[in-house]
Amino acid sequence: MTDVFVRVAIDQPMPVLFDYRYSLPADPIAGKLVLVPFGRREVVGLICEVLSTTDVPANKLRDVSNICVDCPPLSAQWIALASFAADYYQRGLGEVALPALPQALRDASRWERLLAVEERFSLLPAGRAEIHDVLPARATALRRLADALAAEKSLGLSDARALHPKAAAIFDEWLARGWIERAAAETPPPHESPTGAAQLPHLTDEQRDAVTAIAGAQGFAPFLLHGVTGSGKTEVYLHALAEMLSAQPDAQALVLVPEINLTPQFEAAFRARFAALAAGSIVTMHSGLAEGERARNWLAAHTGSARIVLGTRLAILASLPKLEMIVVDEEHDPAYKQQEGLRYSARDLAVYRAKQLDIPVVLGSATPSLETWWQAEQGRYTRLTLTRRAVADAALPVVRLVDLEEERQRGRASVEGLSGPLIAALKSRLERGEQSLVFLNRRGYAPILSCEACGWVAGCPRCSAYAVLHKPERALRCHHCGWESRIPKSCPECGNIDIAPMGRGTQRVEETLASVVPGARVLRIDADSTRRKGSAEALFSDVHAGEVDILVGTQMIAKGHDFRRVTLVGVLNADTALFSHDFRASERLFAQLTQVSGRAGRAGLPGEVLIQTRYPRHALYLALSRQDYVGFANATLAERRDARLPPFVYQAMLRAEGRTLEAAIAFLEEAAAAFAPLPGADRVTVYDPVPLTIVKVFNVHRAQLLLESGSRAALQSALRAWQPVLRSLKGVLRWNVEVDPLDV
Ligand code: ADP
Ligand code: ZN
Ligand code: ZN
């Protein structure tokens, strides 16, 4: 017998694969999961290659302990996707592939239970003809079993056991008699349209054109679906998917959303529309699922029984052997960027995956990321535009800027940050029985608690950040590390009892609203009010049910909710983002304000947006009030081009965390020095190491080093060569490289 070896990917921070001897009875196949000894432990790995020789000396070779027989192998294409991601984001294949699997599969002790496929049986014509005559009349349990088989297309063994405890043995006998057969997992009947055609809305011309383009696409076809808020992008996805799924009866689709829990309507729309597909054809994938469910859903996708996977960013690495279309809703959303571990962009990987598989990918947004917009401008992505709202007589809301400076000069004081015009508008909505949103991107009661007498400010002892005052929770909290303490009664420095909150968060605005708009039912939605699982959904359903007059909240309220009765949106404190040092801040602000404004006037009632600002002539606000994304995007792209910023250059960031800032900076300086001689480095600009804005978090000091190049290839090859050097450097607690960083 000749020796067989396997090359295995393991979740270790090393860009190498590991060879093992393979001598188990089951055939080794690339893509199978195995259990292998690693150091003193045993870990689950992925076979990437089956070999007949290895360079590893025989005395160093260890044996594969177990192989996951029941799980079909991951495809070569999937391994290629993971390899691409590993390469692009400067990681090892194992660091990408293993974390992409559900936790339960990475625990070999759970393989058997997880993968026990339930056997199903169905009645054959012979059985239908004979079974009832042969069974004794008094054998009621047996007859019930036969009836159940006759009534269903197929019957699972566990259901059968519930009807008769000896079902397994009985089925063996019936199989032998030719009455029944083993049935495949339930599949939808082919050629039956997966949608109930009756209740579909009549598409607008713009929607129809978009659907036609997507459904008619051949091969790799990236689309930018640029549609104003409420233009019915979801309907376009649903139609395009329905056409594809009914034309290709075993095809699969992947639909990515930034956040599933905040947009239950989206999932509900999919489930309703595709209700005619077999049970279990739509599965979700997101971090909120219990482990068992996550594993089951992953397996459903992997084995092809799930036709549609609806998921958050992590679903981009799902195994989908029959994937034929990808949709990325709200493609601009920063939630598509994973900010720890493998720092990937699910949107970018979606485009790569579509290219790899030669299939269409639809990126939808009212405010596309400038990266995507630039691709469309160059003609690399096909642009599909929805300029109008889909619901008859729903117009885009009118945006008005409330000049806070002018209000002040005219002696019209704000009450606790709420301007006169906003208060008046809120009151008139209340009188008319309409709903309002007040948007403010800061949670807590006040960001600062300070003493006027001595200048003391409440800070987090572990972070270089203020502690935020939380009034209902009666606590000072750090939003960076979770530190919490009671609110001091007096100044800890000088004893002054007049310590006062400065600035405003959602809790304070909630309190103010209750007093300036008497009689209004005010509800706050932010990370604090929705901490308990499922509570966001419950709160949102109160809004939909009309039990709320004014909803105040952070960007959680801006996401894709289709509020039917909201006619007013008030925006507070947006100005701070105008002058951020982050060059993407204005792009994000424009997207957020468009998104939140888009909640108003969706169902025929005219909508109005009031933005309070000290800079009413700022170009961003002017573009916003003209609903002019295109103008804003092109002007911002021109600025980026002049300043040589992405998407006109490519960036990567090395971040280091040390016990002191000096240690972090020293590490980065050493790393920069080692970078210079690497291949490709001559075409990369290396900036000076700088501390992060919030330099200390949880007693760890953080600094970063930005690298930039006009050549993606040069940057990538230098980064690759840099990895071993970085691993050899000492002196910091942690470091990581991020390719295409979002926060610079
Ligand atoms: P977007 O995602 O573009 O903001 P949605 O997909 O949420 O917009 O659609 C907005 C509203 O318009 C939803 O209530 C949806 O049911 C409705 N809608 C979509 N298409 C049509 C149509 N063709 N006719 C009537 N209503 C539609
Ligand atoms: Zn004091
Ligand atoms: Zn802290």
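**Zinc site, ligand pocket and unusual backbone in a predicted model**

Reader: What makes the arrangement of the four donor atoms around the zinc ion (ligand 3) tetrahedral?

Author: In this predicted model, the four donor atoms subtend angles of 106 to 113° at the zinc ion (ligand 3), and four donors count as tetrahedral if all angles lie between 85 and 135 degrees, so the arrangement is called tetrahedral.

Reader: How do you know which atoms coordinate the zinc ion (ligand 3)?

Author: The SG atoms of Cys-460, Cys-463, Cys-478 and Cys-481 lie at 2.2 to 2.3 Å from the zinc ion, and a donor must be an N, O or S atom within 2.8 Å of such a metal, so these sulfur atoms qualify as donors. Along the sequence, the donor residues follow the spacing C-x2-C-x14-C-x2-C.

Reader: Why can Cys-463 and Cys-478 be said to tie together parts of the chain that are apart in sequence?

Author: Cys-463 sits in the loop between strand E18 (448–451) and strand E19 (468–470), whereas Cys-478 sits in the loop between strand E20 (475–477) and strand E21 (484–486), so the pair links parts that are 15 residues apart in sequence. Both Cys-463 and Cys-478 are buried, a term that stands for under 20% relative accessible area.

Reader: What makes the approach of Gly-230 to ligand 1 a polar contact?

Author: A polar backbone atom of Gly-230 is 2.6 Å from an oxygen atom of ligand 1, and a pair of N or O atoms counts when within 3.5 Å, so the pair meets the cut-off. Backbone atoms of two further residues also meet it, with Ser-231 at 3.3 Å and Gly-232 at 3.1 Å from an oxygen atom of ligand 1. Taken alone, ligand 1 exposes 570 Å², of which the protein buries 78%.

Reader: Which residues surround ligand 1, and of what kinds are they?

Author: Of the 18 residues around ligand 1, those that come nearest are His-202, Gln-207, Gly-230, Thr-234 and Asp-562. The shell divides into five nonpolar, eight polar and five charged residues, and helix H9 (residues 233–247) gives the most to it, with three residues.

Reader: Why is Asp-358 called partly exposed?

Author: The relative accessible area of Asp-358 is 47%, and partly exposed covers values between 20% and 50%, so the term applies to Asp-358. Asp-358 also has a positive phi of about 65° although it is not a glycine, and it lies in the loop between helix H12 (346–357) and strand E14 (360–365).

Terms used. Residues numbered from 1 in each chain as written. Chains lettered and ligands numbered in written order. Predicted model: local features only at pLDDT ≥ 70, side-chain atom pairs only at ≥ 80, totals over all residues. Heavy atoms only, no water. Donors = N, O, S within 2.8 Å, 3.2 Å for Na, K, Ca; no water. Tetrahedral: all angles 85-135°; square planar, octahedral: opposite > 155°, others 65-115°. Helix = DSSP H or I, 4+ residues; strand = E, 2+ residues; numbered from the N terminus. Buried < 20%, exposed > 50% of the residue type's maximum accessible area, 1.4 Å probe, protein only. Near = heavy atom within 4 Å. Polar contact = N/O pair within 3.5 Å; in protein donor to acceptor, adjacent residues only side chain to side chain. Areas by Shrake-Rupley, 256 points an atom, 1.4 Å probe, with all protein chains shown as cover. Nonpolar A, V, L, I, M, F, W, Y, C, P; charged D, E, K, R; others polar.
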